[in-house]
Amino acid sequence: MSLRIPGPTPCPDSVLKAMSKQMINHRGKEFGELMTRATARLQEMFQTKGDVFILTSSGTGGMEASIVNTMSPGDKVLSLSNGVFGDRYATIAERFGADVTRVKFDWGTAVDPDAANKALKADPKIKVVLVTHNETSTGVTNDLKAIASIVRKHDKLLLVDAISSLGCIDLQVDSWGCDVVVTGSQKGWMVPPGLAFVSFSQRAWQAHQAAKMPRFYWDFTLAGNFLQKKQTPWTPAVSIFYALDVALAMMLEEGMQNIFARHARLGQKTRDGMKSLGLKLYAADEKCASNTVTAVNAPNGIDAKRIQEVMRDEHGIVISGGQSTLAGKIFRIGHLGCVSDSDIDDLIRELRLALPKVGYAVPA
Ligand SMILES: *Cc1c(COP(=O)(O)O)cnc(C)c1O
């Protein structure tokens, strides 16, 4: 069975093998060295000289940590959302008492940086901006560089959900001026679920001094103090750290620019493949189509769930469905992390065979 969903993604054998090692003392020298090495390599991948925390949680935990460590209840927040995950970020902030202005963009389209500019001009009391770099629910990548430059111009704090883009698509944390950037181990990192990585800028540390939202497990004052000691405040997912160590070595060996180029090439190959089957991409404007996940409209009258079923049961390939209101209407293909040209060739070939079984005639 091959897994072509946007996380968890398949792990290389060497990454899986690393996890079968015996436990070590998480307060000992060996773990300290592992954590220091992983943190330095993550800083390289985040393109930052700022702090990067490795949290034991899924990506959503990292999103929550980014909020509770930088805000107080009542703080004004601007949410720029074009999908399920953008909405989730806003909801987390609201749940902790932030006063969130939600600016929404049609699903399948990108966040418009000009709209962000207008919203920030309209309400100078806004302190923080939330945005998703790569909206996994719709297969759209937002122009984070342009959004960040507007947020910098207004001198606000910028929090970014880059869970399904970092490590695959260029994201220059320091030079673009992103304050807090979140990702998760099971997406582009070729590592099982269980760790979130969060970068934290100097501006974020300043905001942290005044931030009064309740936090215990996620407290970055503690995480920062323990980082100095090469430890985490709480018992980390040691086995996933083993996996991460091997995966990061592989990624730096391949080279960041080569990884970005591979994802760009495979993203294009996937989109071209879908079009060759006569299918329409959910992101109508291909300029904003994601290089890590492709969302495809199910052909008229066909339930996307049926396509998923046939692909899984008869062709051995697991793809994702649509989330929320897109359930049954789209299917999604993950092409991030450990993925090659032949994986995408296989997928397109099998989809060509599967579609007629659900009543769709593939054009010759
Ligand atoms: C996967 C994903 C999440 C959620 O991450 P979990 O690890 O499931 O908590 C959030 N945002 C985006 C953009 C994602 O792709």
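Is aspartate 155 buried or exposed? In this predicted model, aspartate 155 comes out as exposed, with a relative accessible area of 59%. The residue sits in the loop that runs between helix 6 and strand 8 (157-161). Its backbone is worth a look too: phi of aspartate 155 is near 55 degrees, a positive value in a residue other than glycine.

Glutamine 47 tells a similar backbone story, with a positive phi of about 55 degrees although it is not a glycine. Glutamine 47 is placed in the loop between helix 2 and strand 2 (51-56). Here the side of the picture facing solvent is given by a relative accessible area of 21%, which makes glutamine 47 partly exposed. A further backbone feature turns up at the peptide bond from glycine 7 to proline 8, which is cis, with omega near 0 degrees. Proline 8 belongs to the loop between strand 1 (2-3) and helix 1 (13-18).

Now to the helix pairs. Two packed helices are described by the angle between their axes and by the distance between those axes. For helix 5 (residues 113-122) and helix 6 (residues 144-153), the packing angle is about 15 degrees and the axes are 9 Å apart. Angles under 35 degrees count as roughly parallel, so helix 5 and helix 6 are roughly parallel to each other. Helix 5 passes helix 6 in a right-handed crossing. On the helix 5 side, the contact is made by Pro113, Asp114, Ala116, Asn117 and Leu120, and on the helix 6 side by Ala146, Ile147, Ile150, Val151 and Lys153. Sorted by character, the residues of this contact between helix 5 and helix 6 come to seven nonpolar, one polar and two charged.

Helix 11 (residues 256-276) and helix 13 (residues 341-354) make another such pair, packing at an angle of about 15 degrees with their axes 10 Å apart. Helix 11 and helix 13 are therefore also roughly parallel to each other, and helix 11 passes helix 13 in a right-handed crossing. From helix 11, the residues taking part are Arg265, Leu266, Lys269, Thr270, Gly273, Met274 and Ser276; they meet Asp341, Ile344, Asp345, Leu347, Ile348, Leu351 and Arg352 in helix 13. The residues of the contact of helix 11 with helix 13 split into six nonpolar, three polar and five charged. What links some of those charged residues? Arg265, Lys269, Asp341 and Asp345 are joined in a network of salt bridges. Arg265 and Lys269 come from the helix 11 side of the contact, while Asp341 and Asp345 come from the helix 13 side.

How many salt bridges does the structure hold? The count is 24, and a few of them can be looked at one by one. Glutamate 33 forms a salt bridge with lysine 29, with the closest N and O atoms 3.3 Å apart. The two are four residues apart in helix 2 (residues 29-46), so glutamate 33 and lysine 29 are separated by about one helical turn. Glutamate 33 is partly exposed, at a relative accessible area of 42%, whereas lysine 29 is exposed, at 67%.

Lysine 104 and aspartate 87 form a salt bridge as well, and here the closest N and O atoms are 4.0 Å apart. Lysine 104 lies in strand 4 (residues 99-104) and aspartate 87 in helix 4 (residues 84-95), so this pair ties together parts that are 17 residues apart in sequence. The lysine 104 end is exposed, with a relative accessible area of 55%, but aspartate 87 is buried, with a relative accessible area of 18%.

A further salt bridge joins arginine 215 to aspartate 219, where the closest N and O atoms are 3.5 Å apart. Arginine 215 is partly exposed, with a relative accessible area of 23%. Aspartate 219 has a relative accessible area of 19% and is buried, because buried means under 20%.

Back in helix 2, there is also arginine 37, which is partly exposed at a relative accessible area of 35%. Which separation in sequence goes with a C-alpha to C-alpha distance of 9.7 Å? Arginine 37 and alanine 249 are 212 residues apart in sequence, yet 9.7 Å apart in space, C-alpha to C-alpha.

Notes:
Residues numbered from 1 in each chain as written. Predicted model: local features only at pLDDT ≥ 70, side-chain atom pairs only at ≥ 80, totals over all residues. Heavy atoms only, no water. Axes fitted to C-alpha atoms, helices over the stretch in contact; angles between N-to-C directions. Parallel < 35°, antiparallel > 145°, perpendicular 65-115°, else oblique. Left-handed = near helix turned anticlockwise from the far one by under 90°. Contact = heavy atoms within 4.5 Å. Nonpolar A, V, L, I, M, F, W, Y, C, P; charged D, E, K, R; others polar. Salt bridge = Lys/Arg side-chain N within 4 Å of Asp/Glu carboxyl O. Buried < 20%, exposed > 50% of the residue type's maximum accessible area, 1.4 Å probe, protein only.
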